[in-house]
Amino acid sequence: MIMEEVLEVAANRPVASMPWPTFGSLLSYSQRPLPHPFSSPGMTLWTSARIALWQAIRSLDLKSGDRVAVPAFCCGSELEPFLIAGLELSFFAVGEDLAPDPTSFRKAIDGSSAAMVTHYFGLPVDLEPALEMTRRKGIPLIEDCAHALYTTRAGEQVGLAGDAAIYSFWKTVALPDGGALHMRKGTEKGAPKPPPPELIRKATRHLLSRTLRSHPSAILRKTEGMRQQLRRGAGSIQLREKGGDEWHLIKFPNELIGAGMSSRSLRIFRATDHAHVRERRRHNYIRLQEALAEIPGIVPLVPHLPDGACPLYFPVVVEEAARLRRALAAEAVGVKHIWPYFHAAVPWERFPREHHWKEKAIGFPVHQSLREEDIERLIDVVKRWSGR
Ligand SMILES: Cc1ncc(COP(=O)(O)O)c(C=O)c1O
């Protein structure tokens, strides 16, 4: 039975929801400078955005018992560094434009020592009102740019306006790890140490497996599919389905506190064609948005792709999200169930819209490893699912 499933899945090249590396990129050795602003003063490189956030908490002198205003629409993993550091959380709502709702934000920052705002899915939010309110209160604003590695707003990289910003490189580029912290005043405390080599080896094997499972050669795909079945459970993902629709969060990795970005990720990142990644992601997003515009029941989370955005996914709200996810999975088309984990720290009853998004939003892949035929296949599956 297992064998039959593997062969069936491998018959069509799977469309993975995240990018995969080329064999060449894994071996690349480049001394090219990092793109702006990642080599600027005030920027330090860490193994992930969560570890960068941990450093931000220290650098901003936030102490156990302090309160931080954070968005209720969240993945959950970005709350963990605050909670582990003993901080209290005060939640605010976000509006239809995904920017902080001004009234809710004002309330949340009352009595808070800092605030964090998220640029969701690489779509830049207007920070001006939040910046003005936090400046007036004299508290720092952290920008969560984990999804917005290459996103600009008004021609400027997102993350440089706030007092601190965190980035996650490995979500946008196929790297074993990588994140960054930007401190506007350059007051970063502590220097990164190398991450555990075994972790990087494991993440690299996971990436390589993604490459093999997406390979045009059916033989390679089948071999890798069988190997995976035999080694069930291999890979490093953050959220795993426990059964049915129950999810849990892999906790903040305490053992990685202080871990920098690996030298392997740095080499691959230096060799990356950043403009190409941005161009492909925008192209795929617009292609999907146009092709799926007429499908009833699929509503883009934002009406237009903003100028300067480098999208992580094409996020849409679908009433029958679970059924669509199953239809896509049956044809080996990966789709991101946006944030299925409901973190216990969030008072969900106060945030019905965020709760609804977490249940119903999915992210269609738009990444740079996809070819035109992958996008066409995705569109075809969605159209057949909708009966069009
Ligand atoms: C909005 C947001 N911020 C931060 C993070 C943490 O990023 P990393 O996995 O690089 O620690 C995530 C991760 O899933 C996220 O979705």
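Start by selecting helix α8: on the face turned away from its buried side sit the exposed residues Ile219 and Leu230. Here, exposed means over 50% relative accessible area, buried under 20%, and partly exposed in between, using a 1.4 Å probe and protein chains only. Helices are DSSP runs of H or I with at least four residues, strands are E runs of at least two, and both are numbered from the N terminus.

Before you click further, a word on what is on screen: this is a predicted model, where local features need pLDDT of at least 70 and side-chain atom pairs count only at pLDDT 80 or more, while totals for chains, interfaces and linings use all residues. Residues are numbered from 1 along each chain as its sequence is written, and side-chain values use heavy atoms, with hydrogens and water left out.

**Stop 1: helices α8 and α6**

Stay on α8 and colour Arg221, Glu224 and Gly225, which are buried. Look down the helix axis: these buried residues fall within an arc of 105 degrees, so they line one face of α8. The arc is taken from the directions from the helix axis to the C-beta atoms. Now try the distance tool on the helix ends. The 13 residues of α8 (218-230) should span 18 Å at 1.5 Å a residue, and the end C-alpha atoms are 18 Å apart, which agrees. The expected span is 1.5 Å times one less than the number of residues.

Next, select α6, residues 128-137, where Ala130, Leu131, Met133 and Thr134 are buried. Viewed down the axis of α6, its buried residues fall within an arc of 165 degrees, so they too line one face of their helix. Flip to the face turned away from that buried side and you'll find exposed Glu128 and Arg136.

**Stop 2: the cysteines**

How many disulfides are there? The count is zero, taking a disulfide as a pair of cysteine sulfur atoms within 2.5 Å. Click on cysteine 75: the closest cysteine sulfur belongs to cysteine 74, at 7.3 Å, too far for a bond. Cysteine 145 is in no disulfide either, and its nearest cysteine sulfur, in cysteine 310, is 13 Å away. Cysteine 75 counts as buried at 12% relative accessibility, and cysteine 145 does so at 0%.

**Stop 3: empty space**

Rolling a probe the size of a water molecule over the atoms shows where empty space is left. On a 1 Å grid over the protein atoms alone, a cavity is a set of points where a 1.4 Å probe fits but cannot get out; a pocket is an open set with protein on both sides within 12 Å along at least five of seven lines; lining residues have an atom within 4 Å of a point. Grid points are joined across faces, edges and corners, and a volume is the space filled by probe spheres set on the points.

One cavity of 30 Å³ or more turns up. The largest cavity has a volume of about 40 Å³. To frame it, select lining residues including Ser17, Met18, Lys171, Arg281, Tyr313 and His367. By class, this lining has six nonpolar, two polar and two charged residues. Ala, Val, Leu, Ile, Met, Phe, Trp, Tyr, Cys and Pro count as nonpolar, Asp, Glu, Lys and Arg as charged, and the others, Gly among them, as polar.

Then go to the second largest pocket, with about 460 Å³ of space. It has 23 lining residues, and Trp20, Pro21, Thr22, Ser25 and Ser369 lie nearest its centre. Show α2 (23-27), α9 (263-271) and α10 (274-291) as well, since each supplies at least two lining residues. The lining of this pocket divides into 10 nonpolar, 10 polar and three charged residues.

**Stop 4: backbone oddities in the loops**

Zoom to proline 37, in the loop between α2 and β1 (43-46). The peptide bond leading to proline 37 from histidine 36 is cis, with omega near 5 degrees. In that loop between α2 and β1, proline 41 also has its place, and proline 41 is exposed, at 75% relative accessible area. Draw a C-alpha to C-alpha line from proline 41 to threonine 187: 9.9 Å in space, yet 146 residues in sequence.

Which sign does phi take at aspartate 61? Positive, near 60 degrees, in a residue other than glycine. Aspartate 61 is in the loop between α3 (49-59) and β2 (67-71), and at 41% relative accessibility it counts as partly exposed. Leucine 98 has a positive phi too, near 70 degrees. You'll find leucine 98 between β3 (88-92) and α5 (102-109), buried at 2% relative accessible area.
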